[in-house]
Amino acid sequence: MSTRKEAAKRKLLEATASLLETTVNPDDITVRQIAETAGVGGGLINYYFESRDQLIHEAVSMKMDSLASFVANQEEYTNDPIQYLKNLLISMSDIGMKDSKLNKISAEYELLNGDFSACLYLLPVLRKIYNGKKSETDLRLLAYQLIIVFQSIYIRQQAFHMYSGINIENKSERDLLISLIVDNLLK
């Protein structure tokens, strides 16, 4: 992709991210608003992205990816990689809960469109935990199981609260839930 095209695509992503920061309901963001904020023609949205929804998802993913990468690099593996995994998931969850509407959009899009990028953040620590005792396929399935559980909980927070009695908006309950899920899946 040429530098000019990359710049236009980046402008659209940055404009969308900016609008997401200032808009209460992401569904209210229009193609026209995005194009005007980016200073480009509205037709470029469909040129670079299949739809407004895909553009919004990519803007949310861009933000979540940068935050997840930041979190993943904050702590070295310790003698307890399982605790590291819990801490990583707790940190990612805390970031997601700060902007739960964006987290929900991202989770819905990833589930509906088969985007497994969130799972990739867990693979290095799962490799460390199992130290060659599980195949790469097994590790990818474990990462997927962990991520999909949290995505479904975020999407249906109220239903999950009614079912389990756990309110994920409460940090201590959410942290305990993460610990329980990791312990149960890694046994």
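In this predicted model, helix α5 passes helix α9 in a right-handed crossing. Helix α9 covers residues 136–155, and its axis comes within 13 Å of the axis of α5, the two crossing at roughly 30 degrees. Angles under 35 degrees count as roughly parallel, and α5 and α9 are therefore described as roughly parallel to each other. From α5, the residues Leu 85, Leu 89, Ser 93 and Met 97 take part in this contact, and they meet Leu 146, Phe 150 and Tyr 154 of α9. Sorted by class, the contact of α5 with α9 holds six nonpolar residues and one polar residue, with no charged residues.

It helps to look at α5 itself before turning to its other partner. This helix runs over residues 81–98. At 1.5 Å a residue, its 18 residues should span 26 Å, and the end C-alpha atoms of α5 are indeed 26 Å apart, so the expected and modelled spans agree. Helix α5 is also mostly covered, with 13 of its 18 residues buried.

The other partner of α5 described here is helix α11, made up of residues 171–186. The axes of α5 and α11 come within 10 Å and cross at roughly 140 degrees. That angle makes α5 oblique to α11. Here, too, the crossing is right-handed. On the α5 side, Ile 82, Leu 85, Lys 86, Leu 89, Ile 90, Ser 93, Asp 94 and Met 97 form the contact, meeting Lys 171, Arg 174, Asp 175, Ile 178, Ser 179, Val 182, Asp 183 and Leu 186 of α11. The residues of this contact divide into eight nonpolar, two polar and six charged. Readers following individual side chains may like to note that Leu 85, Leu 89, Ser 93 and Met 97 of α5 are named in the contact with α9 and appear again in the contact with α11.

A further helix pair lies earlier in the chain. Helix α1 (residues 3–22) packs with helix α2 (residues 31–38) at an angle of about 115 degrees, and their axes are 8 Å apart. The two helices are therefore roughly perpendicular to each other, and α1 passes α2 in a right-handed crossing. In this contact, Lys 11, Leu 12, Ala 15, Thr 16 and Leu 19 of α1 meet Gln 33, Ile 34, Thr 37 and Ala 38 of α2. By class, the contact of α1 with α2 has five nonpolar, three polar and one charged residues.

Conventions: Residues are numbered from 1 along each chain as its sequence is written. This is a predicted model: local features need pLDDT of at least 70, side-chain atom pairs count only at pLDDT 80 or more; totals for chains, interfaces and linings use all residues. Side-chain values use heavy atoms; hydrogens and water are left out. Axes are lines fitted to C-alpha atoms, for helices over the stretch in contact, and angles run from 0 to 180 degrees between N-to-C directions. Helices (H or I, at least four residues) and strands (E, at least two) are DSSP runs, numbered from the N terminus. Angles under 35 degrees count as roughly parallel, over 145 as roughly antiparallel, 65 to 115 as roughly perpendicular and the rest as oblique. A crossing is left-handed if the near helix is turned anticlockwise from the far one by less than a right angle, and right-handed if clockwise. Contact means heavy atoms within 4.5 Å. Ala, Val, Leu, Ile, Met, Phe, Trp, Tyr, Cys and Pro count as nonpolar, Asp, Glu, Lys and Arg as charged, and the others, Gly among them, as polar. The expected span of a helix is 1.5 Å times one less than its number of residues. Buried means under 20% relative accessible area, exposed over 50%, partly exposed in between (1.4 Å probe, protein chains only).
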